[in-house]
Amino acid sequence: MTPRTRIPRTGRDPAPLLAEMASFRDHDVRYQEGRSWSLVYYVGEAHEDVLRQAQALYISANALNPMAFRSLKQMETEVVQMTAEMLHGPPSCVGTMTCGGTESLLLAVKAYRDRARRRRPWIRRPNIVAPATIHVAFDKAAHYFGVNLRLVPVGLDGQVDPRAMARRVNRNTILLAASAPQYANGAVDPIPEIGALAERRGLPLHVDACFGGFIQPWLERLGVSMPQFDFRVPGVTSVSADVHKYGYAAKGASVVLYRDMAYLKHQFFVATRWSGGIYASPGVLGARPGGPIAGAWASLMAMGEDGFVAKAREAWDAAEKLRAGIREIPQLRLLGQPHSTIVTYGVEERAVDLYAVADQLQERGWGVDRQQRPPSIHCTVNAANLPVVDRYLADLRAAVAHVEAHPELATEGEAAMYGMMAKVPVRGLVGRRVLEVMEQMYGPEGEMPDLAASGAEQGGPVVRAVLDWGDRAISAAKRVGHRVRHPFEEP
Ligand SMILES: *Cc1c(COP(=O)(O)O)cnc(C)c1O
């Protein structure tokens with residue numbers, strides 16, 4: 001066992017310390033060069049510098065007490081107002097800043113659950129009806145707050161049938177939810193139809209625009225066609241939008257908006273019994289960092305509408321160029337809809353193993369976001385990617401050709417593990433294996449797993465058998481005319 005790290009007996013000199021830290025990043029994904037196709041929304045050093053300085057002003061501030069830090073409350077109010085204005089919120093529109101999309105969604109689910117408890121107290125097992133591609137934060141919220149998720153299948157084109165959603169609504173339904181766009185494949189759900197359903201059934205509707213909130217409005221202005229998704233749609237009662245995505249703020253900033261206070265009030269928490277005093281809090285956190293609020297305010301102000309539109313145009317051009325290049329690779333197919341700056345591709349049936357292609361891209365220095373159901377690669381496209389699209393496409397063509405010539409790569413490297421995880425029919429087994437990996441990562445030594453070894457360590461024959469079994473089960477099902485489940489469907 002390596003000895004446990006401890007606080008040094010005497011403090012270290014800041015200069016060499018910080019120099020050493022800068023080198024810590026050498027093995028992280030190189031987002032500054034457009035090598036990452038997810039996680040980071042980078043618009044250059046000049047903007048990062050604005051964020052750094054804005055956040056530095058508030059590095060020690062605590063937004064927990066808005067009376068003590070009135071300036072932070074004022075900036076939060078203005079970020080909420082700017083977001084409401086951009087998303088066509090009515091004059092009554094209200095909301096709060098949160099530390100991220102997940103917190104925004106957790107809070108929305110909590111608010112609607114508590115609203116239902118007040119208005120329909122007889123409901124014992126409340127549920128939310130949403131397309132199967134709804135963000136996993138809803139699973140987390142359902143898990144935390146004791147709500148069921150009723151998911152509706154979505155086709156390879158990313159489209160949900162609103163009538164199928166209507167059929168999943170029952171008397172315990174407390175909320176409808178949909179995405180603008182879905183993270184997995186970039187399609188904006190048919191929000192107008194789902195809004196009409198919400199109105200018909202007297203249900204609230206949350207639109208998860210965590211991804212799209214700060215880019216769809218500008219894409220719309222550039223003429224990109226997509227379903228209407230914001231407060232203009234009757235029936236939409238709340239929208240979440242992440243400032244730390246296309247708002248180009250530093251991480252830790254999102255906004256959750258409601259049509260009026262009748263919804264937002266159910267998000268709040270008040271306790272009066274504590275010896276530490278009367279305690280009121282709008283969100284999940286207690287102490288709230290001031291930096292992300294200041295950074296979000298500075299980002300919106302520094303970008304301006306013209307800045308956002310310019311970056312949206314570059315990101316859109318990069319996405320379109322990427323889509324065009326992928327269309328020309330016969331083994332690959334685009335999934336979803338071109339409603340946004342997400343490009344997702346899978347493979348034509350039995351063409352090549354996609355996870356092996358992913359390994360090849362990774363070896364060529366690209367950040368790769370692997371998805372399942374169906375196996376696919378997700379690219380969140382940013383302006384920073386525009387200069388490297390051609391290089392990416394060249395590497396992608398080479399990767400596909402290489403895997404075609406070496407099909408055995410499907411059972412090696414990380415492809416073995418991802419392939420197996422995708423094909424093991426018992427999801428409980430997969431879940432247990434992932435928990436074991438987490439226990440290792442968060443164990444006393446904080447050991448990182450070797451994903452490439454973890455496929456192989458199951459024993460080559462086992463990996464092969466599972467991959468084989470999965471393929472055979474699928475073709476057997478097709479032979480007997482069994483409808484093979486749609487790829488984005490729940491099991
Ligand atoms: C990113 C994202 C979320 C979750 O946001 P985090 O900031 O990662 O917590 C939710 N929904 C969609 C569609 C997203 O893209």
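Tutor: A salt bridge is a side-chain nitrogen of Lys or Arg within 4 Å of a carboxyl oxygen of Asp or Glu. The model discussed here is predicted, and the structure holds 19 salt bridges.

Student: What makes Arg221 and Glu305 a salt bridge?

Tutor: The N to O distance between their side chains is 2.9 Å. The cut-off is 4 Å, and the pair therefore counts as a salt bridge. This pair links distant parts of the chain, with Arg221 in helix α8 (residues 216-221) and Glu305 in helix α10 (residues 291-327), 84 residues apart.

Student: Why is Arg221 called exposed, and why is Glu305 called partly exposed?

Tutor: Exposed means over 50% relative accessible area, and partly exposed lies between 20% and 50%. Arg221 has 52% and is therefore exposed. Glu305 has 46% and is therefore partly exposed.

Student: How do you know that Asp230 and Arg232 form a salt bridge?

Tutor: Their closest N and O atoms are 2.9 Å apart, and the definition asks for a distance within 4 Å.

Student: Is Asp230 buried or exposed?

Tutor: Buried means under 20% relative accessible area. Asp230 has a relative accessibility of 1%, so Asp230 counts as buried. Its partner Arg232, at 30%, counts as partly exposed.

Student: What makes Glu436 and Arg433 a salt bridge, and how are they placed in helix α14?

Tutor: The side chains of Glu436 and Arg433 meet at 3.3 Å, N to O, and the cut-off is 4 Å. Because the two are 3 residues apart in helix α14, they are separated by about one helical turn. Glu436 is partly exposed, with a relative accessible area of 47%. Elsewhere, salt bridges that share partners join Lys110, Arg113, Asp114 and Arg117 into one network.

Student: Which residues form a nonpolar patch on the surface?

Tutor: The patch consists of Val434, Leu435, Met438 and Tyr442, which together have about 430 Å² of accessible area. Met438 is found in helix α14 (residues 427-441).

Student: How do you know that Met438 is accessible enough for a patch?

Tutor: A patch residue needs over 30% relative accessible area. Met438 stands at 43%, so it passes that limit and counts as partly exposed.

Student: Why is Gln360 called buried?

Tutor: Gln360 has a relative accessible area of 7%. The limit for buried is under 20%, and Gln360 is therefore buried. Gln360 is found in helix α11 (residues 354-363). Not counting residues up to four places away in sequence, Gln360 touches Ala399, His402, Val403 and Leu409.

Student: How many helices and strands are in the chain, and why is the chain called as compact as a globular protein of that length?

Tutor: There are 16 helices and 13 strands. The radius of gyration of the chain is 24 Å, and the globule rule gives 23 Å for 491 residues; the two values are close, so the chain is as compact as a globular protein of that length. The C-alpha atoms fill a box of roughly 65 × 65 × 50 Å along the principal axes, and buried residues make up 49% of the 491 residues.

Student: What domains is the chain divided into, and how far apart do their C-alpha centres lie?

Tutor: The chain is divided into domain 1 (55-299) and domain 2 (414-479). The C-alpha centres of domain 1 and domain 2 lie 34 Å apart.

Definitions and conventions. Residues are numbered from 1 along each chain as its sequence is written. This is a predicted model: local features need pLDDT of at least 70, side-chain atom pairs count only at pLDDT 80 or more; totals for chains, interfaces and linings use all residues. Side-chain values use heavy atoms; hydrogens and water are left out. Patches are made of residues with over 30% relative accessible area and no salt bridge: like charges are joined within 9 Å, nonpolar side chains (Val, Leu, Ile, Met, Phe, Trp, Tyr) within 5 Å. Accessible areas come from the Shrake-Rupley method with a 1.4 Å probe; for residues, only the protein chains shown count as cover. Helices (H or I, at least four residues) and strands (E, at least two) are DSSP runs, numbered from the N terminus. Buried means under 20% relative accessible area, exposed over 50%, partly exposed in between (1.4 Å probe, protein chains only). Contact means heavy atoms within 4.5 Å. Domain bounds come from an automatic or database domain assignment. The radius of gyration is taken over C-alpha atoms; the globule rule is 2.2 Å times the number of residues to the power 0.38.
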